[in-house]
Amino acid sequence: MNLMRLASTMDLVAWRGLVYAVFILHFVFVCQLLLLQPLVSALDGKSSSSVDLFERVAQSIKVKRFSEAINDLNAAIEADPTLSEAYRHRASVLRQLCRYDESEKSYKSFLGLKPGNSAAEKELSQLYQAQSALNSANNLFNSGDTTKSLDFIDKVVLVFSPACSQAKILKVKLLLAAKDFSGAISETGFILKEDENNLEALLLRGRAYYYLADHDVAIRHFQKGLRLDPEHSELKKAYFALKNLLKKTKSAEDNVNKGKLRVAVEDYKGALALDASHIAHNVHLHLGLCKVLVKLGRGKDAIRSCTEALDIDGELLEALVQRGEAKLLTEDWEGAVADLKAAAEKSPQDMSIRESLLKAEKSLKLSQRKDWYKILGVSKTASVSEIKKAYKKLALQWHPDKNVDNREEAEAKFREIAAAYEVLGDEEKRTRYDSGEDLEDMGMGGGGGGFNPFGGGGQQFTFHFEGGFPGGGFGGFQF
């Protein structure tokens, strides 16, 4: 009986111990859950938040919101100065923006946390290359070497710093200097797409349109910039210079229409003096000035103005025609024919050009025939008696029998004098000669086959001087 009680007591103690042990184990397990879970969660949260951060930064860069990306990275670094990748990402963004000094500091901070990282060291080297290339490009631009400067921008700076606004603006300036105005318009379009209120891009794009003579579009760009900053000196200068140019040009055109040609000349000259580099507009000013000068009969000045226009645009038909007309005024017959013939070839259906060409060709032909008035030494208004008197005097002077020592020259002179008198001494022939008919082509004058006072197979002529020849006759000539 006592043994059974003892056994029962021992079983109770054992069960109590077992229950106690189970309780202790459960207690330990619960403590582990309560104490370790926050630590695990913290570690997992840290990893998760970093991933979210860099994804958000990448998205900001993709849509070119660089300021947002930098702000996120700055906040992350401030919260955890040991977050190495944040330094590297920030360095990369700053390098793309060509904020080289700040980018260099971030790269060095990253390398301090991750020494020997080859990728970061390579990016830092690219930063130095881009920084050096940008400095070289600026120096070359200032010295006037636009080609090399553009190479540095395109092949180095914008490769390693594609979001560099400074480099993009410099590239536009280089394109303008190279007169690649369409290229400048295209590049500024990209800049304004990212920042529609970029004042420098508005200014440069307006200038590109200005040099293409698209003045309305240029003015709109200048006006938009001035609405953003009414005191922007370069925008104000460009805007008012263009307005002044358009005002002077309109004044010149209005004065031409009013018949105030001399005033128009001064207006055209004033407009041309404003910007010698604005050739797309100046070509029309030179042409307008040339046309007015032709109307005023100022041939030499007109030739100069039309030549200026043709130097800018060699295909400008109207300038070629007007220069031909101006050369007619200066009696440059060959030059007039050359210009008008070239114009007629460019526009064969234009009858007015054909008429001017025929006029020039006739003038050239007339200029090449002998001037009988000049040969006899009389004016074109000389009377019949004056012509006859001059003929007698010259015939005596150059009669071959009186010029034995220079007989050949005398014969030629005498023949020419006789031919002149044949035309001018005959009222009908003189009238036809004065009207521009080519009497030589009709076998009259010039000592051709129809007139040879010295024989040689042609018709023989006997000259008679009224009142006799002083001193008697000479050879075979009866006076």
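This is a short talk on confidence, one annotated repeat and some salt bridges in a predicted model.

Okay, let's start with how far to trust this thing, since it is a predicted model. Mean pLDDT for the protein comes out at 85, with 81% of residues reaching 70 or more. Where is confidence lowest, and where is it highest? The low end is helix α1, residues 2-62, with a mean of 55, and the high end is helix α9, residues 199-211, at 98.

Two stretches I'd like you to look at on the screen. Over residues 28-46, pLDDT stays under 50, and the model gives that stretch three contacts beyond four places in sequence. Residues 445-479 also stay under 50, but there the model has 58 such contacts.

Now the annotation. UniProt, in an unreviewed entry, lists residues 199-232 as "repeat: TPR". In the model, that span is 79% helix and 0% strand, and its end C-alpha atoms lie 9 Å apart. Helix α9, the one with the highest confidence, covers residues 199-211, so to speak the opening part of what you see there. On to salt bridges. The whole structure has 24 of them, and I'll walk through a few.

Take E187 and K171: they form a salt bridge, with the closest N and O atoms 3.4 Å apart. E187 is in helix α8, residues 181-194, and K171 is in helix α7, residues 165-177, so this pair ties together parts that are 16 residues apart in sequence. Is K171 buried or exposed? K171 is buried, at a relative accessible area of 13%. And the pair has company: D154, K171 and E187 are linked in a network of salt bridges.

Next one, K291 and E318. Their side chains meet in a salt bridge at 2.8 Å, N to O. K291 belongs to helix α13, residues 279-295, while E318 belongs to helix α15, residues 317-329, so here the parts tied together are 27 residues apart in sequence. On accessibility, K291 is partly exposed at 31%, and E318 counts as partly exposed at 35%.

Last one: which residue does D301 pair with? That would be R304, with the closest N and O atoms 2.4 Å apart. This bridge stays inside one helix, since D301 and R304 both lie in α14, residues 299-312, three residues apart, or about one turn. D301 is partly exposed, at 24% relative accessibility.

That's the tour, happy to go back to any of these on the screen.

Notes
Residues are numbered from 1 along each chain as its sequence is written. This is a predicted model: local features need pLDDT of at least 70, side-chain atom pairs count only at pLDDT 80 or more; totals for chains, interfaces and linings use all residues. Side-chain values use heavy atoms; hydrogens and water are left out. UniProt positions are given in the numbering used here, feature names are shortened, and annotations may be inferred rather than shown by experiment. Helices (H or I, at least four residues) and strands (E, at least two) are DSSP runs, numbered from the N terminus. A salt bridge is a side-chain nitrogen of Lys or Arg within 4 Å of a carboxyl oxygen of Asp or Glu. Buried means under 20% relative accessible area, exposed over 50%, partly exposed in between (1.4 Å probe, protein chains only). pLDDT is the predictor's confidence in each residue, from 0 to 100. Contact means heavy atoms within 4.5 Å.
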